[in-house]
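Could you walk me through this structure as a beginner would need it? A friendly briefing, grouped by topic, would be perfect.

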Amino acid sequence: MPRRATKRGAERTPLAGDYDLLVCGASFAGLAVARELAGSGARTLIIDRYEIGERQTSACAAPTEWLEAMGVGASMRQTFDTLVVNTPHATARFHLPWTFSTFDYHELCGLLWDQCDAEFDTATVNGRSATTVHTDRGAITAPLVVDALGWKRVLSASGYQPPAAPLSRGLEVHPFGAGDELEIWIDRDYVPAGYSWSFPASDEVRVGVGSFDPRFHVREPTVRLAQDLEREAVRFQGNWIPHKLRAATGDGIFFVGDSAGHCLPLTAEGIRTAFYFGIACGRELRRVVEGRAEPATARRRYRDFSAAHEWHFRWMLRVQKLVPRVPPRLLAAALKGMERGSFVDWSFGHYLRIAHPSFARAPSRKAQQPELQLAT
Ligand SMILES: Cc1cc2nc3c(=O)[nH]c(=O)nc-3n(C[C@H](O)[C@H](O)[C@H](O)COP(=O)(O)OP(=O)(O)OC[C@H]3O[C@@H](n4cnc5c(N)ncnc54)[C@H](O)[C@@H]3O)c2cc1C
């Protein structure tokens with residue numbers, strides 16, 4: 001949970017300089033990029049407006065295999081092999097072919113940072129001219145610049161403005177307490193288009209509401225859900241969530257994670273995809289700093305790699321639009337029908353393969369990288 005560690009006042013000295021690589025944003029995507037550059041010899045700077053891991057940006061649930069593959073297993077708090085889906089007319093239990101784990105954000109970011117050999121500093125990014133990035137502490141220049149700053153895509157000429165942009169919105173509370181089940185609710189009493197969740201994480205529970213419609217306000221239903229679950233509505237955390245893929249490069253910049261719309265529609269799962277595309281981006285950047293590729297080649301290959309996943313995102317967006325239109329009784333019956341083991345294995349297997357953890361493990365990031373391989 002938030003700990004104010006960021007430099008303030010007199011500590012906020014000017015920051016400027018030239019680097020081989022500048023990564024803006026030190027959360028899931030930015031740290032995954034920097035981690036791929038470890039040992040490459042590149043002079044890499046990561047900047048963020050907060051200290052690493054200071055401000056949690058999600059409910060922090062991800063496939064266990066991904067957390068292990070990223071070397072951050074020690075941050076896990078609780079592991080679930082079943083997803084419980086509640087609707088007003090039925091409850092379905094999906095026994096998953098793989099597990100989800102909740103984790104501690106601060107610890108996870110620290111463990112990723114331990115695997116980097118970059119420099120880090122706090123600075124707020126305001127914009128850029130060419131590959132010079134302007135911050136509240138000065139201008140930083142690098143031939144290779146990554147925007148891992150989240151949905152605002154700060155370094156892009158064309159920003160997103162809610163509520164007109166293709167964004168969902170999510171808000172959650174973090175009461176202390178314990179629970180045994182990873183639960184979601186598809187209940188229009190809480191949110192007409194979207195879902196609600198309760199994710200236990202050992203000594204706290206993350207209870208929230210996500211709306212696919214950015215105009216729908218989620219604070220009141222979040223508080224109501226917490227009350228219904230007899231949890232305290234305390235320690236709020238929320239943000240906009242992109243549900244449309246965007247170009248992964250532009251004007252010489254690499255965009256990764258939410259800044260490239262890498263969060264999956266329907267489920268709003270954006271941590272493993274931030275890792276996945278962060279690794280892909282980092283591998284391309286490594287080829288450049290090791291003299292094996294030109295920057296333009298790296299940009300093209302990374303952009304194409306990201307775009308090759310577009311059809312997955314398009315399909316998931318179609319389902320996101322469809323689910324709120326299905327009559328509730330029919331939806332409940334359909335979910336009950338989907339409880340069958342063979343269907344769950346098939347559908348969740350496909351879902352994981354959109355960004356599979358094997359991508360993190362092989363090929364070794366220290367080895368020479370051949371062509372990027374799609375995990376699909
Ligand atoms: C309420 C909620 C719950 C969620 N739960 C889950 C979940 O359980 N599992 C899941 O997979 N996904 C979840 N998501 C989605 C997930 O949080 C995002 O997809 C994911 O965080 C994207 O990672 P990222 O690194 O691209 O961006 P972020 O995690 O948003 O990181 C962006 C970083 O950039 C920094 N930054 C932003 N602007 C500036 C600036 N101007 N200057 C300097 N630094 C800046 C921020 O401080 C931050 O560190 C949830 C989202 C919400 C809103």
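**How the strands and helices fit together**

Strand 2 (residues 21-24) and strand 3 pair in the parallel sense over 4 bridges. Two strands count as paired if DSSP finds at least two bridges between them, and the elements themselves are DSSP runs numbered from the N terminus: helices (H or I) of at least four residues and strands (E) of at least two. This is a predicted model, in which local features need pLDDT of at least 70 and side-chain atom pairs count only at pLDDT 80 or more, while totals for chains, interfaces and linings use all residues. Residues are numbered from 1 along each chain as its sequence is written.

**Strand 3 and its neighbours**

- Strand 3 covers residues 44-48, and 5 of its 5 residues are buried; buried means that 20 or more other C-beta atoms, placed from the backbone, lie within 10 Å of the residue's own.
- Thr 44, Ile 46 and Asp 48 point one way from the strand, while Leu 45 and Ile 47 point the other way.
- In a regular strand, side chains alternate between the two faces of the sheet.
- Ile 46 is the bridge partner of Val 23, and in strand 7 the bridge partner of Ile 46 is Phe 120.
- Strand 7 (residues 119-122) runs parallel to strand 3, joined to it by 4 bridges.
- Strand 2, helix 1 (residues 28-36) and strand 3 make a right-handed β-α-β unit; right-handed means that, with the strands pointing away from the viewer, the path from the first strand over the helix to the second runs clockwise.

**The sheet of 6 strands**

- This open sheet has the order 7-3-2-11-18-17, with mixed pairing.
- Strand 7 and strand 17 (249-250) stand at the edges with a single partner strand each, so one side of each has no neighbour in the sheet.
- Strand 17 runs antiparallel to strand 18 (residues 253-255), with 2 bridges between them, and Thr 249 stands opposite Phe 254.
- Helix 1 lies across strand 2, strand 3 and strand 11 (144-147), running at about 155° to strand 2; angles run from 0 to 180 degrees between N-to-C directions, with axes fitted to C-alpha atoms, for helices over the stretch in contact.
- Helix 5 packs on the sheet too, touching strand 2, strand 11 and strand 18, and its direction makes about 170° with that of strand 11.

**The nonpolar cores**

- Which residues touch the most other members of the largest nonpolar core? Of its 91 residues, they are Cys 24, Val 33, Val 256 and Phe 275.
- Helix 5 (residues 271-289) gives the most to this core, with 11 residues.
- A nonpolar core is a set of buried Ala, Val, Leu, Ile, Met, Phe, Trp, Tyr and Cys residues joined through C-beta atoms within 7 Å.
- Val 256 touches Ala 29, Val 33 and Phe 277, among others, not counting residues up to four places away in sequence; contact means C-beta atoms, placed from the backbone, within 7 Å.

**Around the ligand**

- Of the 38 residues around the ligand, Ser 27, Ser 58, Gly 170, Gly 257 and Gly 270 come nearest; a residue is near if its C-beta atom, placed from the backbone, lies within 6 Å.
- Strand 16 (236-242) is one of the elements giving two or more residues to this shell, and the largest share, 4 residues, comes from strand 16.

Conventions. Buried ≥ 20, exposed ≤ 12 C-beta atoms within 10 Å, placed from the backbone. Contact = placed C-beta atoms within 7 Å.
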